Amino acid sequence: MAAANKYPPADHTSFKCDLMGFREAHSLAKILVKKIKDSGYLPDIIIAIGRGGYVPARLVCDFLLFDDLTTIKIEHYKRAADIQETAKLKFPLSVDIHGKNILVVDDVTDTGKTLSLAVEYLKCLKPAEIKTAVLQHKICSDFVPDYYAKKIVKWRWIVYPWAAYEDLVGFTEKIIADRSLTPKQICNEFDACYSITIKQSDLIEILEDLNERGGIECIDNKENMLWRKANVSK
């Protein structure tokens with residue numbers, strides 16, 4: 001049973017999530033930087049992979065007292081663990097890295113496709129050396145980074161603080177699907193499906209945001225306020 005948890009679930013409507021706070025992210029970044037320092041590697045440029053790597057890369061720069069940070073954007077996962085078939089480079093690098101030592105930073109290795117594509121792309125720009133670093137490395141990843149602060153053996157979706165609201169919005173849409181549910185029912189399913197405890201007041205904010213964007217609508221059945229996907233027949 002434990003071995004099955006090493007890999008992403010086939011059912012993307014129910015899986016365990018871990019909510020990370022900024023304090024834990026800060027601590028992981030310090031551990032990561034110590035490993036980089038201990039290795040003796042001295043980057044000339046740090047490249048964050050957008051969007052998940054923006055904050056980790058900035059923390060790495062902070063602890064290294066390092067100024068030269070830039071970014072590329074690669075799209076693979078969308079919100080709430082929805083995965084695209086292939087990783088795609090959306091925004092390429094805007095600086096010359098020829099002959100330079102590069103450190104590429106992201107938040108996590110999951111499938112490994114994001115970092116694999118990043119390294120493949122950056123090699124074409126002929127840097128002297130490329131090293132990769134993440135806060136957390138899942139062992140199911142096909143790509144093993146040079147540096148990571150923590151190894152994740154049993155797979156779960158990690159909700160990072162810089163993407164928490166976006167993920168919770170996505171999970172809310174998954175939970176509602178084609179049904180009509182009360183906020184209490186939605187909160188219960190957050191716990192049952194994703195091991196996430198969410199306050200009803202926080203959920204209401206999410207529901208109102210989705211409503212403003214036309215994604216869901218509210219029905220008053222005189223007993224309970226029900227939420228459903230917009231334009232779904234009763």
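Here is a walk through a few helices, strands and salt bridges of this structure. Keep in mind that it is a predicted model.

Let's start with strand β6, which covers residues 129-138. Nine of its 10 residues are buried, so the rest of the structure largely encloses this strand. Two neighbours pair with β6. On one hand there is strand β5 (residues 101-109), which runs parallel to β6 and is joined to it over eight bridges. If you want a spot to look at in that pairing, find Asp-106, whose bridge partner in β6 is Val-134. On the other hand there is strand β7 (residues 147-152), also parallel to β6, with five bridges between the two. Here you can look for Lys-138, which stands opposite Ile-152 in β7. How does the chain get from β5 to β6? Helix α3 (residues 113-123) belongs to the connection: β5, α3 and β6 form a β-α-β unit, and that unit is right-handed.

Now move along to helix α5. This helix has 12 residues, and the distance from its first C-alpha to its last is 16 Å, close to the 16 Å you'd expect at 1.5 Å a residue. Which residues of α5 are buried? They are Pro-183, Ile-186, Cys-187, Phe-190, Cys-193 and Tyr-194. These residues cover an arc of only 145 degrees around the axis, which is why they end up on the same side of α5. That spacing fits a simple rule: an α-helix has 3.6 residues a turn, so residues three or four places apart point the same way. The buried residues of α5 pack against β1 (17-19), α4, β9 (180-181), α6 and β11. Turn to the face pointing away from that buried side and you'll find the exposed residues Lys-184 and Ala-192.

Lys-184 is worth a second look. With a relative accessible area of 58%, Lys-184 is over the 50% cut-off and therefore counts as exposed. Its C-alpha is 6.9 Å from that of Gln-200, although the two residues are 16 apart along the chain. Past the end of the helix, Ser-195 comes just after α5 and takes a positive phi of about 55 degrees.

Gln-200 brings us to helix α6, which spans residues 200-212. Its 13 residues should span 18 Å at 1.5 Å a residue, and the end C-alpha atoms are indeed 18 Å apart. Buried in α6 are Leu-203, Ile-206, Leu-207 and Leu-210. They sit on the same side of α6, because the arc they cover around the axis is only 100 degrees. What covers them? The list includes α4 (164-176), α5 (183-194), β10 (216-220) and β11 (225-229). On the other side of α6, Ser-201 and Glu-212 are exposed. After α6 comes Gly-214, with a positive phi near 80 degrees.

Finally, the salt bridges. The count for the model is 12, and a few are worth picking out. One of them joins the side chains of Asp-18 and Arg-156, at 2.6 Å from N to O. This pair ties together distant parts of the chain: Asp-18 is in strand β1, Arg-156 is in the loop between β7 and β8 (157-159), and their positions lie 138 residues apart in numbering. Are the two partners buried or exposed? Asp-18 is partly exposed, at 24% relative accessible area, while Arg-156 counts as buried because its 18% is under the 20% cut-off. Lys-16 joins in as well, and Lys-16, Asp-18 and Arg-156 are linked in a network of salt bridges.

A second salt bridge is a local one, between the side chains of Lys-34 and Asp-38 (2.8 Å, N to O). Both residues lie in helix α1 (residues 22-39), and being four residues apart they are separated by about one helical turn. Asp-38 counts as exposed, with 56% relative accessibility.

A third takes us back to β6, where we began. The side chains of Glu-129 and Lys-131 meet in a salt bridge, 3.5 Å from N to O. Glu-129 is partly exposed, with a relative accessible area of 34%, in a strand where nine of 10 residues are buried.

Conventions. Residues numbered from 1 in each chain as written. Predicted model: local features only at pLDDT ≥ 70, side-chain atom pairs only at ≥ 80, totals over all residues. Heavy atoms only, no water. Expected span 1.5 Å × (residues − 1). Buried < 20%, exposed > 50% of the residue type's maximum accessible area, 1.4 Å probe, protein only. Arc of directions from axis to C-beta. Contact = heavy atoms within 4.5 Å. Pairing = 2+ DSSP bridges. Right-handed = clockwise from strand over helix to strand, strands pointing away. Salt bridge = Lys/Arg side-chain N within 4 Å of Asp/Glu carboxyl O.
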